[in-house]
Amino acid sequence: MNKKLWGVYLELVGTYNPNTKPATCEINEEVALKWLKVGAQPTDTVKTLLTNAGVMKKFQETKTTKGE
């Protein structure tokens with residue numbers, strides 16, 4: 001049985017709307033950090049959006065403090 005998997009997501013992390021001026025990006029920081037902590041690998045575009053939202057900085061800080 002074939003299942004269509006394209007476009008299906010496990011959990012909504014955020015939304016991006018390039019049609020607004022300026023473009024709007026809303027990210028659920030808690031969900032994004034949860035997925036990064038379990039090994040999710042964001043694409044370059046998503047990584048840029050997470051960086052702009054400050055999520056990547058917080059993720060790096062949790063990795064640094066965890067190792068201490």
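The legends below walk through several close-up views of one predicted protein model.

Residues are numbered from 1 along each chain as its sequence is written. In this predicted model, local features need pLDDT of at least 70 and side-chain atom pairs count only at pLDDT 80 or more, while totals for chains, interfaces and linings use all residues; side-chain values use heavy atoms, with hydrogens and water left out.

**View 1. The whole protein is built from three helices and two strands.** Following the chain, you meet these elements in the order β-β-α-α-α. Helices (H or I, at least four residues) and strands (E, at least two) are DSSP runs, numbered from the N terminus. Of the 68 residues, 12% are buried; here buried means under 20% relative accessible area, exposed means over 50%, and partly exposed lies in between (1.4 Å probe, protein chains only). The accessible surface is about 6000 Å², with 55% of it belonging to carbon and sulfur atoms. That area comes from the Shrake-Rupley method with a 1.4 Å probe.

**View 2. Strands β1 and β2 form a hairpin.** Look for β1 at residues 14-17 and β2 at residues 24-27: they run antiparallel and are joined by four bridges. Strands count as paired if DSSP finds at least two bridges between them. Gly-14 stands opposite Ile-27 of β2. Between the two strands lie six residues, and Pro-22 is found in this loop. The peptide bond joining Lys-21 and Pro-22 is cis, with omega about -5°. For background, most peptide bonds are trans.

**View 3. Helix α1 has a cap at its N-terminal end.** The cap is Asn-28, which places a side-chain oxygen 3.2 Å from the backbone nitrogen of Glu-30. This is a polar contact, a pair of N or O atoms within 3.5 Å; within protein, one must be able to donate a hydrogen and the other to accept it, and residues adjacent in sequence count only if both atoms are side-chain atoms. Within α1, Val-31, Ala-32, Leu-33 and Leu-36 are buried. Just after this helix comes Gly-39, whose phi is positive at about 105°.

**View 4. Seven residues make up the largest nonpolar core.** They are Ala-32, Leu-33, Leu-36, Leu-50, Val-55, Met-56 and Phe-59. Helices α1 (29-37) and α3 (55-67) each supply at least two of them. A nonpolar core is a set of buried Ala, Val, Leu, Ile, Met, Phe, Trp, Tyr and Cys residues joined through side-chain atoms within 4.5 Å. Take Val-55 as a guide: leaving aside neighbours within four places in sequence, Val-55 is in contact (heavy atoms within 4.5 Å) with Ile-27, Glu-29, Ala-32, Leu-33, Leu-36 and Leu-50.

**View 5. Glu-11 and Lys-34 form a salt bridge.** Their closest N and O atoms are 2.6 Å apart. The pair links distant parts of the chain, 23 residues apart, with Glu-11 in the segment before β1 and Lys-34 in helix α1. A salt bridge is a side-chain nitrogen of Lys or Arg within 4 Å of a carboxyl oxygen of Asp or Glu, and the count by this rule is two. Glu-11 is partly exposed at 30% relative accessible area, and Lys-34 is partly exposed at 40%.

**View 6. Lys-58 and Glu-29 meet in a salt bridge through their side chains.** The N to O distance is 2.9 Å. Lys-58 sits in helix α3 and Glu-29 in helix α1, so this pair links distant parts of the chain, 29 residues apart. Lys-58 is partly exposed at 37% relative accessibility, and Glu-29 is partly exposed at 29%.
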